[in-house]
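Reader: Hey, I'm new to this one. Can you pull it up and walk me through a few things?

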Amino acid sequence: MRDTARKVEEKYFSNLATHVEFLPVEWRSKLTLDGDTVDSITPDKVRGLRDMLNSSAMDIMYYTSPLYRDELVKGLQQELNRLYSLFCSRNPEFEEKGGKVSIVSHSLGCVITYDIMTGWNPVRLYEQLLQKEEEEELEERWMSYEEQRLLEELYITKQRLREIEERLHELKASTISKPPVLKFKVENFFCMGSPLAVFLALRGIRPGTSGSQDHILPRTICNRLLNIFHPTDPVAYRLEPLILKHYSNISPVQIHWYNTANPLPYEHMKPSFLNPTKEPTSAPDTESASAAPSPTTSPVMVRRHYGESITNIGKASILGAASIGKGLGGMLFSRFGRSSATPQTMETGKDGPEGEEKKATTVGTPPLPHSSSGFLEPTVELEHRIDFELREGLVESRYWSAVTSHTAYWSSLDIALFLLTFMYKQDQEETDKSNLDTI
């Protein structure tokens, strides 16, 4: 990522005074966890696949285990703070001149980083559930007068105990100032191939009525949340429908190819509906090859319904991975497929009347708020878009990319440009403004 970002930086952002530095946060190898116990119980057949599962899926199992969760959280938190302190000691002017910090997370790293920033704790959630059950039991279950009196007395005593504990914590907090969890404010939080949405859904997060990011991540903690995913990554999920439900029917924003000439700024890209017509699950991948490419779709293929797509891709990744076996390891870091014959003039906003017609007929996704799809017309929009989708390559196999796409984010030039675009956003705007003032 550092190498690809440097190439993109030299090409597009060389006129800016500031500079983006990527610091790798390697925290996993320092953890002891179970030692080599899992490795010792792993069978030898298809070892390449098993090692991949042990190093990725196994971490999710560790994180959901109460025995190891705190070790994972503290390991990442300490390394983030250590790296930031070290960087500031070597660059003393960074904080003085208002340097900004962004975090780029991948897979489970997105969930752990989110929990560090928000201070989410499963123990607190468990206590809230117990309290709710007690209240419901008092209200609903028939019981004798004596039993009811004793339960009410127990409930009042527990409430009093909680109040005393809270006062004690407040007293301790006032005498000993608790340091912040992270030593820096997070400007941009980039999630790549992230299962964060699933974790939040399982924690009880449901869509709201406001289009604010605060519903899942307050802006006082992090200024901007951005969720990046490849359409065939079986581990990645969308975040926008957790804020506003009707966004499950709205396309994620398409990430520009790094060599697109004069791309439309992301904030000017209008939302469009996904194709509401469901395709049969047994349909071959080549059935939509004749569809005309549009800036609102992946280049060759008409979009499938997301619930259907994720299920099929999940099956495909397991079947495909099982057939690959030991040769898998070396192939995981292949870059996203892209044909050299890809048209470079596919720019959003430069379609003209014909392009607009293509959007309406090919994709069936007219811009908001008009809808012919039968969905409810949304009255609320997101303050800013969160879900950003990479474009599928023209020669890309969906089954194969379901296996490789989850690890290929780091070497993508498209993602490097996307990250730098948002990191340099303020500097770019100031430079453009000063150029206009000069003119």
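Reader: Which charged end sits over the ring of W257?
Author: That's R391, with its charged end 5.5 Å from the centre of the W257 ring. Bear in mind that this is a predicted model.

Reader: And what sits over the ring of W120?
Author: The charged end of R203, which lies 3.6 Å from the ring centre.

Reader: Since it's predicted, what's the average pLDDT?
Author: The protein averages 75, and 67% of the residues score at least 70. Over residues 277-367, though, the pLDDT is below 50, even if the model has 159 contacts there beyond near neighbours in sequence. Residues 369-376 also stay under 50, with 11 contacts beyond four places in sequence. Where pLDDT is low, the predicted coordinates shouldn't be read in detail.

Reader: Got it. New topic: how many aromatic pairs are there?
Author: The count comes to 12. One of them is Y266 with F418.

Reader: Why is the Y266 and F418 pair edge-to-face?
Author: Because the planes of the two rings are at 75°, and anything over 60 counts as edge-to-face. The ring centres are 5.3 Å apart.

Reader: Where in the chain are those two?
Author: They come from distant parts, 152 residues apart. Y266 is in the loop between strand 4 (253-254) and helix 11 (306-324), while F418 is in helix 14 (residues 413-423).

Reader: Are Y266 and F418 buried or exposed?
Author: Both are buried.

Reader: What about F418 and F422, how do they pair?
Author: Their pair is tilted, with 4.9 Å centre to centre and 55° between the planes. The two are four residues apart in helix 14, so about one helical turn separates them. F422 is buried, as is F418.

Reader: Which residues form one aromatic cluster with those?
Author: The cluster is made up of F190, Y266, F388, F418 and F422.

Reader: Switching again: how many disulfides?
Author: Zero.

Reader: Why doesn't C110 bond with C191?
Author: Their sulfurs are 3.9 Å apart, which is too far for a bond; the cut-off is 2.5 Å. C191 has the closest cysteine sulfur to that of C110.

Reader: And how far is C222 from the nearest cysteine sulfur?
Author: It's 8.5 Å from the sulfur of C191, and C222 is in no disulfide.

Reader: Last one: are C110 and C222 buried or exposed?
Author: C110 is buried, with a relative accessible area of 0%. C222 counts as buried too, at 0% relative accessibility.

Conventions
Residues numbered from 1 in each chain as written. Predicted model: local features only at pLDDT ≥ 70, side-chain atom pairs only at ≥ 80, totals over all residues. Heavy atoms only, no water. pLDDT = per-residue confidence, 0-100. Contact = heavy atoms within 4.5 Å. Phe/Tyr/Trp six-rings, centres within 6.5 Å; stacked < 30°, edge-to-face > 60°. Buried < 20%, exposed > 50% of the residue type's maximum accessible area, 1.4 Å probe, protein only. Lys NZ or Arg CZ within 6 Å of the ring centre and 35° of its normal.
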